[in-house]
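Open the model in your viewer and keep the selection panel at hand. The stops below say what to select next and what is there.

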Amino acid sequence: MKAPQAKKIENILEIHGDKRTDNYFWLNERENPEVIQYLEEENAYEELMMKDTEEFQEELYEEMKSRYKKDDESLPYFFNGYWYIVRYEEGKEYPIFCRKHTSLENSEEILLDVNILAEGESFFEVGSVAVSPNNELASFSSDNVGRRIYSIQFKNLKTGEILSDEIQNTTGKAVWGNDNEHVFYIRKDKSLRAFQVYRHKLGTDSSEDALIFHEEDETFDVNVFKTKSLQYIFIASSSTISDEHRFIPSDNVFAEWEIIQPRIDDLEYSVEHYEDEFYIITNADDAINFKIVKTKINKCGMENWVDVIPHRKEVLLEGFEIFKDYLVLEERESGLLQIKIIDEKTQESYYLPFSDPTYTAYIGLNLEFDTEVLRYGYTSLTQPSSTYEYNMKEKTTKLLKQQEVLGGKFFPENYISERIWADSRDGKAKVPISLVYHKDTPKSADTPLLLYGYGSYGHTVDASFSNVRLSILDRGFIYAIAHIRGGEYLGREWYEEGKMLDKKNTFFDFIDAGKHLIKENYTSSKHLYAMGGSAGGLLVGAVVNYEPELFNGIVAQVPFVDVVTTMLDETIPLTTGEYDEWGNPNDKEYYDYMKSYSPYDNVEAKAYPNMLITTGLHDSQVQYWEPAKWTAKLRELKTDDNLLLFKTDMSAGHGGASGRFESLKEDALEYAFLLKLENEKK
């Protein structure tokens with residue numbers, strides 16, 4: 001079978017006096033039968049080219065699935081008189097939300113069995129479940145397309161009846177007023193921006209709902225939440241670089257909304273409540289790595305903010321948790337997360353001890369104020385995810401739950417993790433790289449290595465355990481994460497140096513990390529592979545334009561590769577809200593810079609590495625046509641005989657297949673692709 005080639009229809013895009021020819025622009029016509037036909041032809045070609053791995057894919061899938069406990073359940077959490085549990089039953093794909101009154105010994109009450117709701121659906125996802133303060137009602141939201149547009153419904157927990165109320169086109173989140181009959185929720189506009197907050201009264205039609213807040217600035221979106229104290233409801237309006245919060249008492253859903261601090265460019269802040277004060281984490285007063293302040297509820301403008309935890313240049317403050325007698329901080333120093341306990345009575349402070357060279361630690365779910373117990377999570381590249389309970393008074397630690405790895409073949413001591421540092425080409429930084437490999441895997445020019453990266457939005461990919469990853473570690477791969485600029489691994493400046501007009505640092509850091517791994521004899525170009533998803537797909541797409549011979553193969557998952565065209569189209573989800581990340585190409589300076597790195601715009605007639613590109617037809621984050629156009633242009637221009645495979649999930653969105661184990665088939669395909677390439681080298 002010959003590789004598909006999409007037809008070319010000349011389309012000239014012009015702005016700033018510059019013309020771009022986009023011959024595959026027509027692929028954005030989702031309802032066009034020729035578009036669907038092309039996607040299906042690409043799927044058939046991928047299937048044919050990977051046919052020799054079908055049995056191996058099934059083997060990988062079963063192997064990955066076998067490591068999971070089939071009847072697993074979450075750690076019970078006590079809140080408002082009930083223990084809450086999410087569990088899975090063997091042979092079923094979807095979660096069951098449950099609770100038990102007062103004691104875990106009491107009988108189980110099923111709040112929501114998602115397996116029943118998902119019957120007959122090719123895709124189904126629950127966005128959230130929220131129980132009313134009186135414990136008698138629950139809201140739940142669902143999406144059966146994959147575009148992250150949720151419908152909210154309600155259930156009477158006493159009778160089991162699903163109420164007639166239904167609210168469509170929402171973010172999926174619902175926040176209960178303390179009167180047990182009103183909820184606040186968020187609607188999306190035509191570009192899927194969260195832009196309006198409504199109040200709904202149970203028993204009424206959603207067309208009668210009251211519009212509470214309309215965010216008119218298209219670079220902002222909104223969120224709604226209740227404070228940990230349950231005493232206030234907040235609307236947060238946020239852009240990439242600015243925040244504004246307004247609040248009412250949870251006991252009075254008709255109250256006038258008060259603003260904490262009106263929005264100011266480059267002022268970020270978020271809020272929690274304790275007694276008669278708000279605690280605020282903010283970058284005010286040039287606190288680039290953030291600080292914590294507090295202010296009285298009745299005087300909450302920034303002129304009244306008083307420092308609680310001052311700014312520290314070398315420490316990124318990522319979060320905090322307030323207890324009656326303790327303040328707990330989530331900090332990042334030299335790339336590693338730390339949890340700091342402060343006794344508010346004695347002002348004694350100390351850090352919880354962690355020993356792995358690279359790891360993830362985080363504050364867990366802590367809904368109670370008056371407690372000495374902190375829940376926190378910990379994982380590393382060699383240690384499965386664990387939840388601990390730490391007694392802040394007694395200073396004792398108890399393991400509550402650790403992710404089980406079934407099969408009897410996994411032992412942490414059989415794996416080695418490291419953290420090394422690569423020199424960046426601009427001489428301004430050293431790029432951290434986290435690695436894991438089996439103790440029997442040698443470091444050599446013949447060793448396969450998979451390098452993963454993201455590097456956008458300040459999102460940090462920390463070193464964490466993966467059940468799935470064992471399938472390539474046990475087959476001789478080294479796995480590495482490049483903590484490149486554009487994330488916040490080394491603080492806020494690490495992010496600032498990898499966005500806007502400094503975006504290319506992200507790509508060059510990744511290339512420099514790959515070259516460092518080769519120089520240090522972990523692998524060679526013949527055995528080096530790259531993987532990234534979404535903005536990480538942009539990363540690997542840009543990298544193969546710059547250095548196509550550095551990698552033997554890449555996996556680009558739902559890749560954001562048509563940067564200029566997407567950022568010029570304000571009807572596409574996320575575009576306007578991301579000007580602060582990429583720049584606004586309506587400004588020529590940003591247009592020229594984007595065009596110089598956009599993967600689609602820079603495909604050339606040259607040899608490219610082997611490539612597997614994936615997408616979902618209903619993706620709301622990165623539209624399917626970006627990777628489709630990229631594939632078509634690569635097919636037209638590339639001069640090599642390497643594999644170029646493009647797979648579209650015709651029933652999924654940005655997150656891939658729904659269901660607990662269905663997504664493992666995507667992992668199995670990706671690993672089979674990498675191992676196929678590797679075996680061909682032998």
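**Stop 1: the second largest cavity**

Select Lys228, Glu272, His273, Phe320, Glu321, Ile322 and Phe369: these residues line the second largest cavity. A cavity here is a set of points, on a 1 Å grid over the protein atoms alone, where a 1.4 Å probe fits but cannot get out; lining residues have an atom within 4 Å of a point. S18 and strand S22 (316-322) are the elements that give two or more residues to this lining. S22 gives the most, with three residues. Helices (H or I, at least four residues) and strands (E, at least two) are DSSP runs, numbered from the N terminus.

By class, the lining of the second largest cavity splits into three nonpolar, one polar and three charged residues. Ala, Val, Leu, Ile, Met, Phe, Trp, Tyr, Cys and Pro count as nonpolar, Asp, Glu, Lys and Arg as charged, and the others, Gly among them, as polar. The volume of the second largest cavity is about 30 Å³. A volume is the space filled by probe spheres set on the points, with grid points joined across faces, edges and corners.

A note on the source: this is a predicted model, in which local features need pLDDT of at least 70 and side-chain atom pairs count only at pLDDT 80 or more, while totals for chains, interfaces and linings use all residues. Residues are numbered from 1 along each chain as its sequence is written, and side-chain values use heavy atoms, with hydrogens and water left out.

**Stop 2: the largest cavity**

How many cavities of 30 Å³ or more does a search of the whole structure find? The search finds two. For the largest cavity, select His459, Val461, Ala482, His483 and Ile484, which lie nearest its centre among 13 lining residues. The largest cavity has a volume of about 80 Å³. Its lining has six nonpolar, six polar and one charged residues.

**Stop 3: the S18-S19 hairpin**

Go back to S18. Strand S18 (residues 269-274) runs antiparallel to strand S19 (residues 277-282), and six bridges join them. Two strands pair if DSSP finds at least two bridges between them. Select tyrosine 274; glutamate 277 in S19 stands opposite. Two residues lie between the strands of this hairpin, and glutamate 275 there takes a positive phi near 55°.

**Stop 4: strand S9 and its neighbours**

Select residues 150-156, strand S9. Is S9 mostly covered or exposed? Seven of its seven residues are buried. Buried means under 20% relative accessible area, exposed over 50%, partly exposed in between (1.4 Å probe, protein chains only). Colour the two faces: Tyr150, Ile152, Phe154 and Asn156 are on one side, and Ser151, Gln153 and Lys155 are on the other.

Next, add strand S8 (residues 137-143), which runs antiparallel to S9 and is joined to it by six bridges. Leucine 137 has asparagine 156 as its bridge partner in S9. The S8-S9 hairpin has six residues between the strands, and glycine 146 in the turn has a positive phi of about 105°.

Now add strand S10 (residues 162-176), which pairs with S9 in the antiparallel sense over four bridges. Lysine 155 has isoleucine 162 as its bridge partner in S10. Five residues separate S9 and S10 in their hairpin, where glycine 160 has a positive phi of about 85°.

**Stop 5: a four-stranded sheet**

Display S3, S4, S5 and S6. They form an open sheet in the order S3-S4-S5-S6, with antiparallel pairing. Strand S3 (77-79) and strand S6 (109-113) are the edge strands, each pairing on one side only. The twist averages 25° from one strand to the next. Axes for such angles are lines fitted to C-alpha atoms, for helices over the stretch in contact, and angles run from 0 to 180 degrees between N-to-C directions.

Zoom in on strand S4 (residues 82-87) and strand S5 (residues 96-101), which pair over six bridges. Tryptophan 83 stands opposite lysine 100 in S5.

**Stop 6: single residues**

Select cysteine 98, buried at 2% relative accessibility. Cysteine 300 is also buried, at 7%. The count of disulfides (pairs of cysteine sulfur atoms within 2.5 Å) is zero.

Finish at valine 558, in the loop between strand S35 (553-557) and helix H8 (563-567). Its phi is near 35°, a positive value in a residue other than glycine. Most residues other than glycine have a negative phi. Valine 558 is buried, with a relative accessible area of 11%.

Note on methods:
1 Å grid on protein atoms, 1.4 Å probe; cavity = no way out; pocket = protein on both sides within 12 Å on 5 of 7 lines; lining within 4 Å.
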